[in-house]
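Let's take a friendly walk through this structure together. We will look at charged side chains that pair up, and then at how one helix is placed.

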Amino acid sequence: MEVTTEVTTEVTTEVKRLLNVITGDHSRAEFQEMLGLKNVEHFRKAYLLPAISAGLVEMTRPDKPKSRLQKYRLTATGLTVQKIYTK
């Protein structure tokens, strides 16, 4: 629980929004559509990369980060943090 408390204090508003829409494996484009965002670079820098860096979201194909089939999902920590923010 200590790690979760530490992570939740560092989560930005953007990452919280992202966590609220994740229901399984999703592509970047699906996330952007769910969040109503058009700018790819802004989404990557403000939402996706911080969530990955915090250990909340992971790639389904980490060995091929630029794959057209790449999807993202919650990690175990991400699932715990998601439950905290959706209460």
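A good place to begin is R44, which is partly exposed, with a relative accessible area of 31%. Keep in mind as you look around that this is a predicted model.

What does R44 pair with? R44 forms a salt bridge with E41, and their closest N and O atoms are 3.2 Å apart. Both residues belong to helix α4, which covers residues 40–53, and because they are three residues apart there, about one helical turn separates them. The helix geometry helps here: an α-helix has 3.6 residues a turn, so residues three or four places apart point the same way. E41 is itself partly exposed, at a relative accessible area of 38%.

E41 has another partner as well. Its side chain also meets that of K45 in a salt bridge, at 3.8 Å from N to O. K45 and E41 lie four residues apart in helix α4, again about one turn of the helix. K45 counts as exposed, because its relative accessibility is 56% and the cut-off for exposed is over 50%.

Now let's leave helix α4 for a pair of another kind. R73 forms a salt bridge with D25, with the closest N and O atoms 3.9 Å apart. This pair links distant parts of the chain, since R73 sits in strand β2 (residues 72–74) and D25 in the loop between α2 (13–21) and α3 (28–35), 48 residues apart. How accessible are the two ends? R73 is partly exposed, with a relative accessible area of 30%, and D25 is partly exposed too, with 40%.

Stepping back, how many salt bridges does the count come to? The total is four. Salt bridges that share partners also join D25, E58 and R73 into one network.

Our last stop is helix α5, which runs over residues 76–85 and has G78, V81 and Q82 among its residues as buried ones. These three lie on the same side of α5, because they cover an arc of only 105 degrees around the axis. What does the face turned away from the buried side of α5 carry? There you will find the exposed residues A76 and K83.

So the tour has taken us from the pairs E41 with R44 and K45 with E41, through the link between R73 and D25, to the buried residues G78, V81 and Q82 of helix α5.

Methods: Residues numbered from 1 in each chain as written. Predicted model: local features only at pLDDT ≥ 70, side-chain atom pairs only at ≥ 80, totals over all residues. Heavy atoms only, no water. Helix = DSSP H or I, 4+ residues; strand = E, 2+ residues; numbered from the N terminus. Buried < 20%, exposed > 50% of the residue type's maximum accessible area, 1.4 Å probe, protein only. Arc of directions from axis to C-beta.
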